[in-house]
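Here are some short exercises to work through with the model open beside you. Try each task before you read its solution.

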Amino acid sequence: MPTLVPLNNTLNTIHPMLTRHLTGLLLPCLLFTSLAAQDAALPAVLGRVQEALETVETDRYRYDQELSFAADRPWEATVTITSVNRKNDKSETLTYALNLSDLDPRLINYQDERDRQLVVLKTRNRQNFIRVTEEDGSVDYESEVSLWSPEIDRAKTLRDLLREAIPLAESAWERDFTPGTTLPKLQRWLADAVQPFAEDGTTREVRWSPGDPLADQVTFEITDPDKGTTTRYHFSLADVATNTVEVRVNRGSVSVEAGTVGGEDLILETDGEGSVKYTDEVEIPIAGIDEARRLIQTLTAALPLAREIRDARMPRPTEMNEALESLAGLVTGSETPDARTSAVLTPEALSTLEVIRTERDKESEQTSRYSFHFADLDPGKIALNTRSGELAVVVPTVRDADYVQYWQDGEAKGYDDAVEFPVSSIEDSRKVRELLPVIVERARELPTEAGDLAWLSTALTTPAEASYTQELSLQSDAEGECQWSFTRSESGRKTKEILYEFNLYDLDAAQIDVAVRGDDLSLRIPTLSREKIINVYEDDEPAFTEEMRWNFGNLSDARKAAETLRASIAACRN
């Protein structure tokens, strides 16, 4: 009897180059053989399912059952069940079209009825993925289908065969689908897949157009068959949240829904009648469940690639001046069919934003000007405003404090708690949102310059139209630089003068803060432990208080005054 030598031992005795050559030939052959075996396994199991499906008779009905499938796509099965009334021979036929990979093998089981057995097939998550067609051609979608069996042992056999078929169907379904691994290839597949299709005797006009030159962007068009109007949705796949992509079944219609990350209105929606708005979701009609599932598979593969492409073109400045220049180049305004907005932003930490808005039907123009410091903004609360189709990146102030001074048509209007940066597109809004955190962080690192008593006295000078005056000086009998006096005189029906005398070292430097109330901007200056140790003379009547408020014309002066006071207090304590 000849001795059998293992293949690996034989190969080891052959020249190494020949070994590699033979291995290179054998591995593809083995892989091909394995795949061929897998491809043959599903039809073989389904053939046994066909044999297990029988005509079942009950007291009142006869059920004729048939399963069919295409040899090249065996995971797509069609089950036809005809129920015949044994008394009058009236019959009804229902046709179930399903993808076997949609079924949940754990939910396939038999039910023991009075004179027959039912083998119930259910989809994963009970989704309505089984297409049911009636004799009159009407279509609906359901989540389960029931097969008949004459007795329990044969029902168990049918159940076990179907459970065996499902994982084979899943593997075959996955192997059959190769849309590509790059975003351009996936986009081309989507463009080929989202095409006009027939539904209920009409043609659903839908089109998917990949963006150029931005590969992550897309324009989706859908035409209303009744009105004949076309609605366009323009968006970036990078803005679509993976967990929102799902199949929607409504009676006989199938579509794929997709929503944006965070539910933001990042999808531009326009129509042929001049309407412009932004929305947070899009619904894509599709011919059927299988097409919808392929669409979801492709979108799921495309989304992370789209995010990589989008992120690669986002600005990554490291210096504040570079970031400010980039921001000023993006904040230029927005335009809709109803209004045009132009904007100019000064690229400085203490910035001014001027916005001119023109309504087209009235040709009226309104100019708004905002003064703010980037250090006061809260980058953690950035939002997008899409009101009336006009785009603006909205950034509130820290603690929603009224630190944004604004004017309208040259008239001072007071202070607000947010800044709106008008932009022309969603793409520009993304870049603005990338730049703002960098600018705010760098702005907060900038030192605040401290002045001296002379500068404070000048900064407290009030405009001629004010109803009060303020004066700051050393006390007349001061010994050194730490005893100050502050006088506020108010005019009106009754003139009032209030004199404050205080020692700098009695003030709480850590609690000095800017306060805004309406159009009133002041510096709140408390004493240590809020002790009432500030001498107050109101119309020569003496008293004591624990706090002063000094008014300023702008936030910049108020901040510098706070820093000046803190520096002066520290000097007096040393």
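**Exercise 1. A serine in a loop**

In which loop does Ser-529 lie, between which two strands? Keep in mind that the model is predicted.

*Solution.* Start with the place: Ser-529 sits in the loop that runs between strand E32 (520–526) and strand E33 (534–538). Next, check the backbone: phi of Ser-529 is near 55°, a positive value in a residue other than glycine. For context, most residues other than glycine have a negative phi. Last, look at the surface: Ser-529 has a relative accessible area of 67%, and because exposed means over 50%, Ser-529 is exposed.

**Exercise 2. Another positive phi**

Find the loop that holds Ser-388, and decide whether Ser-388 is buried or exposed.

*Solution.* Ser-388 is in the loop between strand E23 (383–385) and strand E24 (391–396). Its phi is positive, about 55°, although Ser-388 is not a glycine. With 53% relative accessibility, Ser-388 counts as exposed.

**Exercise 3. A cis peptide bond**

Inspect the peptide bond from Asp-212 to Pro-213 and say what its omega is.

*Solution.* Omega is near 15°, and the bond from Asp-212 to Pro-213 is cis. Most peptide bonds are trans. As for the place, Pro-213 belongs to the loop between strand E11 (202–210) and strand E12 (217–223).

**Exercise 4. The span of a helix**

Work out what helix H5 should span, then compare that with the distance between its end C-alpha atoms.

*Solution.* Helix H5 covers residues 289–312, which makes 24 residues. At 1.5 Å a residue, H5 should span 34 Å. The end C-alpha atoms of H5 are 35 Å apart, which agrees. Now look along H5 for a bend: a kink of about 25° lies at Leu-303, shortly before the proline Pro-304.

**Exercise 5. The largest pocket**

Which element supplies the largest share of the lining of the largest pocket?

*Solution.* Begin with the volume of the largest pocket, about 610 Å³. Of the 23 residues that line this pocket, the closest to its centre are His-373, Ala-375, Asp-376, Thr-448 and Arg-559. Then sort the lining by element: helix H7 (426–445), strand E31 (513–517) and helix H9 (555–573) each give at least two residues. The largest share, seven residues, comes from H9. By character, the lining divides into 11 nonpolar, three polar and nine charged residues.

**Exercise 6. Aromatic pairs**

Determine how the rings of Phe-372 and Phe-421 are arranged, and what their pair ties together.

*Solution.* The count of aromatic pairs comes to 13. In the pair of Phe-372 and Phe-421, the rings are 6.0 Å centre to centre with 75° between the planes, which is edge-to-face. Phe-372 lies in strand E22 (residues 364–373) and Phe-421 in strand E27 (residues 418–423), so the pair ties together parts that are 49 residues apart in sequence. Phe-372 counts as buried at 2% relative accessibility, and Phe-421 counts as buried at 0%.

Now take Trp-484 and Phe-502: their ring centres are 6.4 Å apart and their planes are at 65°, so this pair is edge-to-face. Trp-484 is in strand E29 (residues 483–490) and Phe-502 in strand E30 (residues 496–503), so the pair ties together parts 18 residues apart in sequence. Trp-484 is buried at 3% relative accessibility, and Phe-502 is buried with a relative accessible area of 2%. To finish, trace the cluster: ring pairs link Trp-484, Phe-486, Tyr-500, Phe-502 and Trp-550.

Definitions and conventions
Residues numbered from 1 in each chain as written. Predicted model: local features only at pLDDT ≥ 70, side-chain atom pairs only at ≥ 80, totals over all residues. Heavy atoms only, no water. Helix = DSSP H or I, 4+ residues; strand = E, 2+ residues; numbered from the N terminus. Expected span 1.5 Å × (residues − 1). Bend = angle between axes of the 7 residues up to and from the residue. Buried < 20%, exposed > 50% of the residue type's maximum accessible area, 1.4 Å probe, protein only. 1 Å grid on protein atoms, 1.4 Å probe; cavity = no way out; pocket = protein on both sides within 12 Å on 5 of 7 lines; lining within 4 Å. Points joined across faces, edges and corners; volume = space filled by probe spheres on them. Nonpolar A, V, L, I, M, F, W, Y, C, P; charged D, E, K, R; others polar. Phe/Tyr/Trp six-rings, centres within 6.5 Å; stacked < 30°, edge-to-face > 60°.
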